[in-house]
Amino acid sequence: MNLDRRLITLVREHPVPFVTSVIAAVFATLALIAQAWLICRTVTILFLEPSSMADLPVFLAAFGIVSLLKTALNWYSAREAARGSETLRQLLHNRLTAAISRLGPSFTASRRSGSLATTLQQGVEALDPYFSQYLPQLFISVLVPGAIAAAILPRDLLSGTILLCTAPLIPLFMILIGKAAQNMTRQQWQSLTRMSGHFLDMLQGLTTLKLFGQSRSRAGSIEEISEQFRTSTMNVLKIAFLSSLTLELVGTIGTAIIAVQIGLRLMAGALDFQTAFFIIILTPEFYQPLRQLGTKFHAGMEGSSAAEDIFPIIEASEESRTQAAGGALVDDAQPVTFNDVSFTHPGSDHAALQHISFTLEPGTTTALVGPSGAGKTTCMNLLLRFISPSAGSIITGTTDLAEIDRQNWQNRIAWIPQHPWLFHTSIGENLLIARPDASREELMQAIDNAGLHSFIENLPDGLDTVVGEQGTAISGGEAQRVAIARAFLRNAPLLLLDEPTSHTDPELEESLQHSLRQLMQNRTTLVIAHRLSTIMDADAILVLENGHITASGTHDTLIRQNGYYRSAVRTTGGNAS
Amino acid sequence: MNILVKLLKLARPYTWWLLLALITGWATITSSIGLLMTAAWLIAKAALQPSFHELQIGIVGVRFFGIARGVLRYLERLVSHSTTFRLLARIRVWFYTSLEPLAPARLSNYKSGDLLQRIVGDIDTLENLYSRVIAPPLTALLITILMWWVLGIFAWPLSLALFCFHALAALGIPLLSAHLTRGMATKLSAVRTAQQATTIDFVQGMAELQLFNRLDSQLAGMNTLKEQELDLIRRQNLVRNAHEPLVSLCMSAAVITTLLILGPLVGSGTLDSIWSGVIVIGVMASFEAFLPLPAALEHLDADREAGKRIFDIIDAEPEVATPENPLKPGADHTIGFHNVSFSYPGSRRKALDQVSFTLEHGRKTAIVGPSGAGKSTIAALLHRFYNPTEGTITLRGIDIMNLDPDDVRNHVGTVSQRTYLFARTIRENLLIGNPQADDEELKRALEEAGLKTFSDKLDQWAGQHGMQLSGGERQRLSLARALLHDAPVLILDEATANLDTITEKAIMENMMAFGNRKTLVAITHRLYGMEAFDRILVLKNGHIAEQGSHSELMARGGLYAAMWNLQHRNQLDSGS
């Protein structure tokens, strides 16, 4: 019943708080039974034994003490369950973040960024009710009624038997209805998600609707869909509520049967009042945990659906863990060779790269050109070791890249992506991330080289300005300059450059080109090129189409061949993207 | 509290339904009190061994309350859920209609889908507004009144005593809890904000983190924040976990007090001793209504937070209001900008500075310039997303401030790179351009936009979770929409940015052909095919730097010529 194997395995690692919680709950039940007995005793004195009235204060004092004890035990039980849940959430959070970082950039890029962040933040927290409520309740709903039945049975066999006979009806009904209810809950959950999705879609497209003068008339469609949602959900809920009505009736009718049955036997003198009253007080308590299991079952459902988002990530990371630690790299000035490399994205049926072979000679610039989707970025990600070849190998000198420690390899790379990420920290730290031990002079030099000087001067707190705060929106062009400054600071032998595509401001353009040219000097460079000037300056050009290298050479040789390169140069007039 | 009042105002049309739900909820608990009290009476009476018919009423009562409780609970759930869904529908419609005039000017801070997503989640959160927040305290209040009356039948000190403990459970415990956890919610939300930033850095900046060997420190930072979060939650739970046990402690105290009062009353014979068990059990049962109260306080907090975020957006003044008596624009579609200046709200920089020009009926104009020069601002003003800060914009000589914004938009069509595709069928997406269009018209528009292949895909789903569309296909759909919209003025706002050059060229040709029938304005930073335009406005830093035809501007050798050369120089070199 809704026991996720993976969640249970997790609980097995830290079972102590959960066990204490359940034990405390059982002791609290014993206190409850004692309370019931004490009340019955006092009521019986009041009702039938006025002569023992003097004992009343003693019983009341005992009742008070037991109540305090019960309060403390219940609090402790809840507290322990919460503590256990906290430990597990921390554990799961740490494992999930570690798993995502092991899976790396190719994984995060393949997911919608929002959904991954949501899983990290809310997914783990959504497991709380499962751990702290549903799991302990599973045990409590067996042990507590058990203890109460054990207290009643020796006093009155018939009532005890009635309780024990009706009790299994609740789980039985729950299982019978449960399957159907579970499907219904899932259906309802889906239609709620669809409803929210539709609403979100309307909000996101509001500007577009407005452009077509349609925004005002669309409010009706929200109402319509909400109404549809209401009717369909209510149909589902009617049945779900009916099932809980059945459960409720088992409980209350159980209470009623016992009351009537006891009343009749009392009248016949077959039972004494105190026992009868004791049973009447405990009967609702007997059914209570079973009923609660129903409500907490729902909490458990949500928890296991959150687990559906979390565990596949952790499991996927364990599969990719096999990567060897690998050795260190000695020589800087080695050529890098792609040796019959193919790559297929996970879950895709066609290869992004097929049998690619080329060599990056030390100190030279190689330009990759080709239409979008041809596999240029995949090539770069392979070199960055964000992904590994599905077949073939990448070799530096005589060593296979796969045998070199990944961090060691990445330390030798400066990378300027198309969309660099700026962290939520100061601009200064955003630059220094490339080389934390850089001196002030080196930092200023890199800023100058990247043409960031005047941009930073205009920020409210200069280098200390936090990105994205105080109204400092950073444009794509500025972010790219930050990446260029990082590359200067990095001062690594291998430069991977995804050339900026937009070129609008002649003055800005000139200085950017200058910076990049300076950066490429004396470095082994692979550039995904969009500008003809860059391409023409390159020592070698690779034309990539549909995952194949269809041509390679220099500008002069390629322009003479009838192919993508020539037609791209001709149609675009300088923009060879 | 203010926010709660505002939320409650939205519920006003459902007052009677909510009242019905409340009364059935109250009757449910009353039945369960009744069940236990009659049961107690039954056995007390039975212990005196009366004749059977004296017990009859008790037996009937027990059966009645037993069944009533289940049935009433069922009814209460039905009514309260149905009402809640109606209420949520109303909140959604209300939110949309309130948001509509604010878009997009007031929403520029909420550009990222994540924030809108949060709002949608916030509205879903309000689902429990009635059942978890409003109903429990009112039910508890009704039960308090009921028990005051019931115990009052026996003796008023009993009423008074129970009232005190009810008040303690309903007010004392929640207040104590609020006092003990004061400030923690704020701290928690600060930690969560920090978590959000680091999580996004972690997910989006993964490549940089790995490359710069920062993953370990990022992980450590995230784990520490999680520890802080859990630590605060632990301290909150320390208090919250005590809620239910404390309510039942109140119950125990009430029982002791009741028994202490009953002792003398029964002893002196003022009260028939048969009632003592009935009263004690009634006192105990009445606390069922108080158990959900502390949780109500937590839900109230969550709902208030959600409500606050909702109202934060909605309470903004719309940037552009519809005039009270809008004029109707005429058939001539000449647009004039007269000394128009504009700054975006919150910015001091002038995005447009004293700009004047005329877009004559039927002519083609290109607006070019470096990014940030103010090109898109012109489009935003023409779409009535903002009012000009100074100067006037006229449509056939009428100031557009005096026109209904929707009328202006129906005159000024757009193809933009930001066009949104709804998660609905291609047909529905196209109908946004013209809701009255029939399938023939849709197919013609698709064909004209170069998407003939989509003619038999009208019922396929687009947008999120729909079929994957390439950038070119999206732009073509956007063009088809504009064709259906058929506005006399057409703005192409960077309509082909981010497309590869061969697709770009093809789409541009479609658009120019279509534009022959229109007043066409192309906003672009890519200077290709500029000879086709009657006039080119060159913008820089919010000013019109130059204007003229392509050949005039090239001859001048100014900014335009520099930009053109930058983008075309390599081709000239390659020709040599």
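**Entry 1: a pair of strands**

In what sense do strands E6(B) and E7(B) pair, parallel or antiparallel? I looked this up first, keeping in mind that the model is predicted. E6(B) and strand E7 (residues 489-493) of chain B pair in the parallel sense, and 5 bridges hold the pairing. I picked out one of the partners: B:Val412 is matched with B:Val489 in E7(B).

Next I checked how covered this strand is. Strand E6 spans residues 412-416 of chain B, and 5 of its 5 residues are buried. I then sorted them by side. B:Val412, B:Thr414 and B:Ser416 are on one side, B:Gly413 and B:Val415 are on the other, and both faces are covered. My textbook reminder fits here: in a regular strand the side chains alternate between the two faces of the sheet.

**Entry 2: an open sheet in chain B**

I moved on to a sheet of 4 strands in chain B. The sheet is open, its order is E2-E1-E4-E5, and the pairing is antiparallel. Which strands stand at the edges? I found strand E2 (352-359) and strand E5 (398-399) of chain B there; each has a single partner strand, so one side of each is left without a neighbour in the sheet.

I also followed the link between E1 and E2. Strand E1 (residues 335-342) of chain B is joined to E2(B) by 5 bridges, and the two run antiparallel. One bridge I can point to pairs B:Phe342 with B:Leu352 in E2(B). A note to self: strands of a sheet pair through backbone hydrogen bonds, either parallel or antiparallel.

**Entry 3: two helices with a ruler**

I wanted to see whether helix lengths come out as expected. Helix H2 (residues 16-48) of chain A has 33 residues, so at 1.5 Å a residue it should span 48 Å; its end C-alpha atoms are 47 Å apart, which agrees. H2(A) is mostly covered, with 24 of its 33 residues buried.

I repeated this in chain B. Helix H10 (residues 243-267) has 25 residues and should span 36 Å at 1.5 Å a residue; the end C-alpha atoms are 36 Å apart, which agrees. Is H10(B) largely enclosed or left open? It is largely enclosed by the rest of the structure, because 19 of its 25 residues are buried. Just after H10(B), I noticed that B:Gly269 has a positive phi of about 80°.

**Entry 4: one proline**

I zoomed in on B:Pro136, which sits in helix H5 (residues 129-154) of chain B. I counted its surroundings: 23 other C-beta atoms lie within 10 Å, so B:Pro136 is buried. Which residues does B:Pro136 touch, leaving aside those up to four places away in sequence? The answer is B:Pro292, B:Leu293 and B:Ala296. I also tried a residue 247 positions along the chain, B:His383, and found 49 Å between the C-alpha atoms of B:Pro136 and B:His383.

**Entry 5: the cores**

I looked up where buried nonpolar residues gather. The largest nonpolar core has 252 residues, and those touching the most other members include A:Ala259, A:Leu368, A:Ala485 and B:Ile43. Apart from this core lies another, of 70 residues, with B:Leu359, B:Leu527, B:Tyr560 and B:Leu566 among them. In soluble globular proteins, nonpolar side chains tend to be buried together.

I then listed contacts of A:Ala485, not counting residues up to four places away in sequence; among them are A:Leu431, A:Ala446, A:Asn449 and A:Leu452.

**Entry 6: the chains as wholes**

I stepped back to look at whole chains. Chain A has 20 helices and 10 strands, and chain B also has 20 helices and 10 strands. Buried residues make up 46% of the 577 residues in chain A and 45% of the 576 in chain B.

How wide is chain B along its principal axes? Its C-alpha trace spans about 120 × 55 × 45 Å. Its radius of gyration is 35 Å, whereas a compact globule of 576 residues would have one near 25 Å.

Last, I noted the domains. Chain A is assigned domain 1 (5-156 + 271-321) and domain 2 (336-572), with 55 Å between their C-alpha centres. Chain B is assigned domain 1 (2-314) and domain 2 (335-575), and their C-alpha centres lie 54 Å apart.

Definitions and conventions
Residues numbered from 1 in each chain as written. Chains lettered and ligands numbered in written order. Rg over C-alpha atoms; globule rule 2.2 N^0.38 Å. Buried ≥ 20, exposed ≤ 12 C-beta atoms within 10 Å, placed from the backbone. Core = buried A, V, L, I, M, F, W, Y, C linked by C-beta atoms within 7 Å. Contact = placed C-beta atoms within 7 Å. Pairing = 2+ DSSP bridges. Domains from an automatic or database assignment. Expected span 1.5 Å × (residues − 1).
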